[in-house]
Structure formats: structure tokens, C-alpha cells
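Me: I have a protein model open on my screen and would like to go through some of the terms used to describe it. Could you explain what lies behind each label?

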Amino acid sequence: MLSAIKIPPFLEKGQKVALVSPAGCIDAACLERGASVLESWGLQVEIGPNALKEFGPFAGTDPERLADLQAALDNPEIHAVICTRGGYGSVRLIDHLDFSAFERHPKWIAGFSDITVLLSHLQQNLGVASLHSCMPQTYPPGGSPDHESSVGSLRKALFGESLLHRFRNQCLNRPGSVTAPIIGGNLSILYSLRGTPTDIDPTGKILLIEDLDEFDYHIDRMLMNLQRGGWFERIAGLVVGTFTQIKKGAHPYTRDVWEIISGYAAPYDYPVCYGFPAGHVPFNRALYMGVPACLEVENSAQTSSQLSFYI
């Protein structure tokens, strides 16, 4: 495990960023909206030649998606790589990417969900920070509170402005304070990476988990895998994002997802917060992955907790 984290240069107006689709296919309207938002920040946008292609569930074939992402990583004029959406497919590229140019000139890579593959690989194998953030597929309408919460926080993160997230306390929260790097992202992806070169070391880290459209027993199975791998006893804090559209199995659990998770965290004394505004929701706030953050969880459901970064 690489101990030091490299912080890519923050963006400045006039610089060029790339929009690429390493996973699922995106429709033209969402891609155009994403480019328009980035241009409104004073950035130049270069769209990957294959970003709008379709090949089954993917945005083009593996070689096409790989070519777009590799070109964005290699191009010294590109200062950030914004993934257009999640879905599935990033893991099919990860072992074929050449990060040598990227290591010489690190740049921000932003996304979430399936993009957890890239975020984990950057932290575990290259020691480079990245952004867990909304993507053009999920940008809320401009002018809405959700737009400022999610897209606005992505802009702040890319341009190096202060990130301080306050959030409503929940009854299952466990109070406490810890400063440690954040790892994680989509639970299904973290589970799929176990035992691979991209499997991240959780020791002494704050773990973020979120997920979408899973059965309740699937969630439990994935959490059991993390427990058997020693994750819950080795982490320094737990941030539970949103678990959206969770389905009941044929014989439903008598507990909801948060209660299932709380059972795995119960034997330990680190701070835990539930319902952090990150995941498959319109108010998906940007987080620096691999960067030390201070998690402060209050002990009253009538107050709010906060997460801030040292960068």
C-alpha cells in the first residue's frame, strides 16, 4: 500500500478537460448538458470520440472505450477526466491501461458508481487522489438546490475551494471524531474487486459505501465478505451514503439496510454516520478520495455532523 497521496493540480479557467465514457452508454442530451456545465465554469471540453457509442450495455467496445480513456490520461493538455456515467465496464479496461504518462503528470479523475474501479486503482496502486462525484448522466437541473449541492461541490473540488459537508444526524449514528483518508464508493464494485490488484487496503481509513438497485440479502452478502476480510475491524470510521431502490428478496429481511450495516459496525468504537449525501441521488456531494478528512459525528439526532478535508 502506498502511504503518501499525490494531489493533482487544481483547475484554472481556460484549461481543457475530457469527457469520456469508460462504462455504460450515455444519451446525447446528458452529454451535451455535462459539457455545457463544464464550459460555464470557463473550461474547454474535449469529448472522447467514442463517448456516445453503444455496444450492448457499454459505450462502445472495450478497445474503443480504452482508447478514449487512454488518450485522456496521456494528453498533457487535459487537466481533468470527467467520466460521463457509471453502469458497468470500467473493470474490463483497468488491466489494459498504461498509467506511466499519468504518473508523471497526475490529473483529477471524477465519477462514482462503476467508476469506483478507477478511484480505487488510483489510490491503491498509484497513490493519486481522485474525486467521488456526480457525472453528466446524473447532473440535476441547473438552478435547483440539488444542482448546487452536487454539481456545485464538484466545481469547488476541481478548482481547489474548501469542501465542508454538513449533514443531518440519524438515530443510528455513532458519535465520535476521526481524521483519516477516505476510501470506498459503490459497495458492489468494492466487493467485485476483492482479491484483485485493485482491492484497496482499508487499514486506518474512513470507509464510504453506497449502492443502488440491489436485493437486501445481496447487501448482507457483500458486507459479510468485508467482515470476513477484516475490513470492519481495520477501518477508522464509516460513512454510509445512500442505498437507493433496495429490493426485498423472496423472504425479506426484518431489518432495513442501515440496520443491517449497523450490525457489522456494532462491535467497534469508531464514528459512524448514516445517510451521508453521496450516491445515486440528485444531491450527490463531491468527496476527495484518498485525502485526509475530518469526520465529526455528533451525539444528538437534533444536530448535524460534518465532513471536512485537509488538502
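Me: What makes helix α2 lie across β1, β3 and β4, and how does helix α2 run relative to β1?

Reply: Happy to help, and please keep in mind that this is a predicted model. Helix α2 covers residues 62–74 and lies across β1, β3 and β4. Contact here calls for heavy atoms within 4.5 Å. Helix α2 runs at about 165° to β1, on a scale from 0 to 180 degrees between N-to-C directions.

Me: How do you know that β1 and β3 pair?

Reply: Pairing takes at least two bridges between two strands. Four bridges join β1 (residues 16–20) to β3 (residues 78–83), so the two strands pair, and they run parallel. Across this pairing, Lys16 stands opposite Ile78 in β3.

Me: Why are β2 and β11 called edge strands?

Reply: The open sheet has six strands in the order β2-β1-β3-β4-β5-β11, with mixed pairing. Strands β2 (44–47) and β11 each pair on one side only. Neighbouring strands of this sheet are turned by 25° against each other on average, direction ignored.

Me: How many aromatic pairs are there, and why is the one between Trp108 and Tyr288 called tilted?

Reply: A search of the whole structure finds 11 aromatic pairs. In this one, the ring centres of Trp108 and Tyr288 are 5.5 Å apart, and a pair needs centres within 6.5 Å. The planes stand at 45°; stacked would be under 30 degrees and edge-to-face over 60, so the pair counts as tilted.

Me: Which parts does the pair of Trp108 and Tyr288 tie together?

Reply: Trp108 belongs to β4 (residues 108–111) and Tyr288 to β11 (residues 287–289), so the pair links parts that are 180 residues apart in sequence. Both residues also belong to one aromatic cluster, formed by Phe10, Trp108, Tyr288 and Phe309.

Me: How do you know that Trp108 is buried?

Reply: Buried means under 20% relative accessible area. Trp108 has 0%, so Trp108 is buried. Tyr288 is buried too, with a value of 0%.

Me: What makes the pair of Phe215 and Tyr217 stacked?

Reply: Here the planes are 25° apart, with 5.7 Å centre to centre. Since stacked means planes under 30 degrees apart, the label fits. Phe215 has 28% relative accessibility and Tyr217 has 38%. Partly exposed covers the range between 20% and 50%, so Phe215 is partly exposed, and so is Tyr217.

Me: Why is Lys247 said to lie over the face of Phe215?

Reply: Lys247 is placed at 4.5 Å from the ring centre of Phe215, and the limit is 6 Å, along with an angle within 35 degrees of the ring normal. Arg174 lies over the face of Tyr270 in this way, at 5.3 Å from the ring centre.

Me: Ser90 sits in a loop; is Ser90 buried or exposed?

Reply: Ser90 is found in the loop between β3 and α3 (100–104). Its relative accessible area is 1%, so Ser90 is buried, the cut-off being under 20%. Beyond residues up to four places away in sequence, Ser90 touches Pro22, Ala23, Asp114, Ile115 and Val117.

Me: And what makes Ser153 buried?

Reply: Ser153, in helix α5 (residues 145–158), has a relative accessible area of 4%, which is under 20%, so Ser153 is buried. Its contacts outside the neighbours within four places in sequence include Leu163, His165 and Asn284.

Technical notes. Residues numbered from 1 in each chain as written. Predicted model: local features only at pLDDT ≥ 70, side-chain atom pairs only at ≥ 80, totals over all residues. Heavy atoms only, no water. Phe/Tyr/Trp six-rings, centres within 6.5 Å; stacked < 30°, edge-to-face > 60°. Buried < 20%, exposed > 50% of the residue type's maximum accessible area, 1.4 Å probe, protein only.
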